[in-house]
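Q: Please take a close look at a single part of this protein and describe it in one connected account, with the geometry stated where it is available.

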Amino acid sequence: MKKALAILPLVLSMSVLANDPVWDGNTVELASEKLSEHAYAIYPTNAKELEKKGLPVATSGGFIVGEKGVLMIDTMLNKRLNAQAQDLIKLATDKPIVYAVNTSFHGDHSYGNMYLPEDTKIIQHENTKNYIDSHFEGDVKFMMQNFGEGRGIEDIKPTMADILVAKGSKVLVDLGGVTAELLDFGFAQTGGDLFVWEPESKTMWTGNPILTIAPAVPWLLDGHLLETLETLTKVYDFLPEDAKVVPGHGSVIGRDDVKWSLDYLTAVKTQVQAAIDEGLTVEQTVERVKLPEFSGYALYGWVHPSLNVPAAYKDLKGK
Ligand SMILES: [Zn+2]
């Protein structure tokens, strides 16, 4: 079963894309939305239109403004998008970007680090730093396959983190009059996943583990169905009823919208387990577990049978 996961990046590059990138880092336009006195979301101007049709949306992020300065959440794919995000911050405040946090190592959330002001302190989960230290070259190749050449990915150099969040821990960032909480709820997509919580406005930034509203479903790129489900359940339980959630790839959503991703992963778990109990092979399980009620997502025809079901099968079989 090891083989099945080893070929996943190749599967992604061949089947999702054919020739076109999932979204184009040369054309995406970002906008910000003020959520409270201190909290802002950043997401693509076409997010609301695309997400309700189940079409992929470029990266979302945001920032928190305090008296001492700004915490930027995710630094985007390339120079162009990072500059747009920095311009949106400048429109909202003249305070400097004191910190920037990456919700994961994924390039669309971290490649912009190198374009930040020199004084900005970069914060990452320790596993994200470890991944970048050991996989950077391969990661850039993978990102170029999936997001295209000529999108500025060629220029990216790894940027060292200044502050690391240890596994299972929580870091409080005092921005002056407002505190950001950087939380590790467990393995969510990469094992180096950080969630950002601003308690006063009850806003959470999730990064990739929650992509956007239905019908988009999570991508188990690194496997671990059971841990992902456990982690996202913790996140859901953590959120108050009236929380605002800035997902990894969409506009601002609510706690109820997060439930969709949980329901999908729960359905995958139940049905794949049933197939294993009947003695089905992974191919037979993919054939059996189609879950048409979740199939409205444009990338479902790849992400469900080629990625999520095999990942669930391996995880459940191995437990
Ligand atoms: Zn992403």
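A: What follows is an account of one sheet, the helix that packs on it, and the aromatic and metal-binding residues connected with these elements.

The model is predicted, and the sheet is an open one of 6 strands in the order β8-β9-β10-β11-β12-β13, with mixed pairing. Its edge strands are β8 (170-174) and β13 (253-254), each of which pairs on one side only. Within the sheet, strand β11 (residues 203-207) runs parallel to strand β12 (residues 244-247), and 4 bridges join the two; in this pairing Thr203 stands opposite Lys244 in β12. Helix α7 (residues 225-238) packs on the sheet, where it touches β9 (179-183), β10 (195-198) and β11, and its direction makes about 5 degrees with that of β10.

The aromatic residues add detail to this picture, since a search of the whole structure finds 11 aromatic pairs. In one of them, the rings of Phe185 and Phe238 have centres 5.3 Å apart and planes at 75 degrees, so the pair is edge-to-face. Phe185 lies in the loop between β9 and β10 and Phe238 in helix α7, so that the pair links parts of the chain 53 residues apart. Phe185 is buried, at a relative accessible area of 11%, whereas Phe238 counts as partly exposed, at 32% relative accessibility. Both belong to one aromatic cluster, which is formed by Phe185, Phe195, Trp197 and Phe238.

A further pair involves the loop between β11 and α7: the rings of Trp219 and Trp302 have centres 4.9 Å apart and planes at 75 degrees, and the pair is therefore edge-to-face. Because Trp219 lies in that loop and Trp302 in helix α10 (residues 300-317), the pair ties together parts that are 83 residues apart in sequence. Trp219 is buried with a relative accessible area of 14%, and Trp302 is buried with one of 6%.

The loop between β11 and α7 also holds Asn208, one of the protein donors of the zinc ion. These donors are Asp108 (OD), His109 (NE2), Asn208 (OD1) and His249 (NE2), lying 2.0 to 2.2 Å from the ion, and their spacing in sequence is D-H-x98-N-x40-H. The angles among the 4 donor atoms run from 83 to 170 degrees, and the site is irregular. Of these residues, His109 in helix α5 (residues 107-110) and Asn208 link distant parts of the chain, 99 residues apart, and both His109 and Asn208 are buried.

Notes: Residues numbered from 1 in each chain as written. Predicted model: local features only at pLDDT ≥ 70, side-chain atom pairs only at ≥ 80, totals over all residues. Heavy atoms only, no water. Pairing = 2+ DSSP bridges. Contact = heavy atoms within 4.5 Å. Axes fitted to C-alpha atoms, helices over the stretch in contact; angles between N-to-C directions. Donors = N, O, S within 2.8 Å, 3.2 Å for Na, K, Ca; no water. Tetrahedral: all angles 85-135°; square planar, octahedral: opposite > 155°, others 65-115°. Buried < 20%, exposed > 50% of the residue type's maximum accessible area, 1.4 Å probe, protein only. Phe/Tyr/Trp six-rings, centres within 6.5 Å; stacked < 30°, edge-to-face > 60°.
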